[in-house]
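The exercises below work from the overall count of one kind of interaction down to single residues. Please open the sequence and the model side by side, and try each task before reading its solution.

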Amino acid sequence: MNLKRSTLNLKWSTFLLPMCLLVAAQAPQLALATPSRDDQPAAPPQPTPQIFAPGVISGPANDGSPTFSPDGNTLYFTRSTANWTVILESHKVAGQWTKPVLASFSGEWPDSSPAMSPDGTFIVFQSTRPAAPATVKPVEGQPIPVVVSNLWRVDRVGSGWSQPMRLPNAVNLGHSIWKPSIAVSGNLYFTVIDKTGQKRLYSSKFESGAYQPAQPLSFSDGTTADVDPEIAPDESFLVFSSSARLQGDPKDHLFIVAKQGAEWGPVLPIRYVGDDQYGYSTDDEPHLGQSQSNIYFSSDRAVPVHFPRAHEQAEKDLDRLETWDNSNSNVWSLPVEPYLNAAKAAAKGKS
């Protein structure tokens with residue numbers, strides 16, 4: 001979730017990372033199937049995630065939260081520093097992603113976490129832009145905008161986008177609303193952080209052309225620090241990030257939950273080869289690819305470095321570091337199928 005990267009993005013000290021990598025490289029392989037907080041069986045281990053478009057989409061800054069057009073040839077994603085975020089646009093030409101450019105609707109204010117509707121007609125995104133003059137208050141005689149994280153929408157107009165429009169209070173029910181996801185029905189899923197810091201997943205139904213008052217998802221009770229929902233277009237399953245569902249493990253991991261009828265099944269962790277190694281701390285902002293066959297997510301995981309190494313290998317490692325592999329967040333991908341199969345089986349067994 002971009003809250004960590006835009007306002008609370010505290011990275012490791014540079015002297016600590018090499019030591020962590022050295023320890024990880026010399027450590028034995030860790031178990032990949034850690035039980036969830038509810039002692040549900042873990043999803044089966046998977047191959048190491050694949051880095052997405054290194055040096056173009058995944059670069060030296062913090063990159064993540066990619067959302068794809070229906071044809072898969074355009075994507076919007078977040079690029080950020082420790083203090084601000086922006087939404088960028090890239091196009092696939094001859095099988096390669098073009099150099100990202102600033103999205104036409106982003107840049108004036110910190111924006112992040114774009115979500116394109118399944119039909120490609122609109123995008124919902126997070127922004128700290130002021131909603132209206134009423135949100136401006138004087139401080140020592142000078143007006144400054146009140147910092148509020150809300151969800152905004154732009155509609156497709158020709159080959160461009162409309163001016164951003166704030167979503168209604170049925171969705172923006174507080175001052176800390178994050179990472180939207182859109183179903184074919186128009187139903188919206190997102191993160192709410194309340195005044196106590198409790199993180200919980202909500203959804204707002206879209207009925208008769210209007211968003212209905214948002215309600216929390218039944219499996220997200222606020223005690224497990226759930227963020228960044230990504231709903232399947234048909235709402236049959238959902239992927240999200242959480243930092244309090246694995247006992248003794250405070251890192252942000254991905255989870256999946258499937259529906260059986262109208263009810264949500266058990267929540268299962270998405271574990272993969274190396275997800276407990278190399279000292280990284282965050283897997284979040286999941287998005288489904290255009291065909292829903294892959295999960296794209298943000299992670300500050302790094303490629304392991306083994307010592308001693310040849311001078312030639314050090315040069316390769318340095319080139320990769322300067323291109324993308326510097327422990328900032330990048331975009332990675334995993335296949336959906338094995339995790340979804342496990343989640344569906346668990347949901348069926350629960351019913």
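**Exercise 1. Find how many salt bridges the whole structure holds, and describe the one between Asp63 and Arg79.**

A search of the whole structure finds 9 salt bridges, a salt bridge being a side-chain nitrogen of Lys or Arg within 4 Å of a carboxyl oxygen of Asp or Glu. The model is a predicted one, in which local features need pLDDT of at least 70 and side-chain atom pairs count only at pLDDT 80 or more, whereas totals for chains, interfaces and linings use all residues. Residues are numbered from 1 along each chain as its sequence is written, and side-chain values use heavy atoms, with hydrogens and water left out.

Step 1: the side chains of Asp63 and Arg79 meet with N and O 2.5 Å apart, in a salt bridge. Step 2: the pair links distant parts of the chain, with Asp63 in strand β2 (residues 62-68) and Arg79 in strand β3 (residues 74-80), 16 residues apart; helices (H or I, at least four residues) and strands (E, at least two) are DSSP runs, numbered from the N terminus. Step 3: Asp63 counts as buried because its relative accessibility is 1%, while Arg79, at 22%, counts as partly exposed. The classes are buried for under 20% relative accessible area, exposed for over 50%, and partly exposed in between (1.4 Å probe, protein chains only).

**Exercise 2. Compare the burial of the partners in the salt bridges Arg245–Asp226 and Arg309–Asp317.**

Step 1: the side chains of Arg245 and Asp226 form a salt bridge at 3.0 Å, N to O. This pair, too, links distant parts of the chain, since Arg245 sits in the loop between β21 (237-242) and β22 (253-260) and Asp226 in strand β20 (residues 226-231), 19 residues apart. Both Arg245 and Asp226 are buried.

Step 2: in the salt bridge of Arg309 with Asp317, the closest N and O atoms are 2.9 Å apart. Arg309, with 35% relative accessibility, counts as partly exposed, but Asp317, with 10%, counts as buried. Salt bridges that share partners join Arg309, Asp317, Arg320 and Asp325 into one network.

**Exercise 3. Glu89 has no salt bridge; establish its surroundings.**

Step 1: Glu89 lies in strand β4 (residues 85-93). Step 2: Glu89 is buried, and the nearest side chain of opposite charge, that of Arg156, is 6.1 Å away; for charge, Lys and Arg count as positive and Asp and Glu as negative, while His and the chain ends are not counted.

Step 3: the side chain of Glu89 makes a polar contact with the side chain of Tyr76 at 3.4 Å. A polar contact is a pair of N or O atoms within 3.5 Å; within protein, one must be able to donate a hydrogen and the other to accept it, and residues adjacent in sequence count only if both atoms are side-chain atoms. Step 4: leaving aside residues up to four places away in sequence, Glu89 touches Thr74, Leu75, Tyr76, Lys99, Pro100, Val101 and Ala103, where contact means heavy atoms within 4.5 Å.

**Exercise 4. Which parts of the chain does the aromatic pair of Phe68 and Tyr296 tie together?**

Step 1: the structure holds 16 aromatic pairs, and in one of them Phe68 and Tyr296 are tilted, with 5.0 Å centre to centre and 50 degrees between the planes. Rings of Phe, Tyr and Trp (its six-membered ring) pair if their centres lie within 6.5 Å; planes under 30 degrees apart count as stacked, over 60 as edge-to-face and the rest as tilted.

Step 2: Phe68 lies in strand β2 and Tyr296 in strand β26 (residues 294-299), so the pair ties together parts that are 228 residues apart in sequence. Step 3: Phe68 is buried at 11% relative accessible area, and Tyr296 is buried at 13%. Step 4: Phe52, Phe68, Trp97 and Tyr296 form one aromatic cluster.

**Exercise 5. Describe how the side chain of Asn187 reaches Phe206 and Glu235.**

Step 1: Asn187 lies in the loop between β14 (177-182) and β15 (188-193), and counts as buried because its relative accessibility is 12%. Step 2: Asn187 and Phe206 are 19 residues apart in sequence and 4.9 Å apart in space, C-alpha to C-alpha. Step 3: the side chain of Asn187 reaches the backbone nitrogen of Phe206 at 2.8 Å, and makes a polar contact with the side chain of Glu235 at 3.1 Å.
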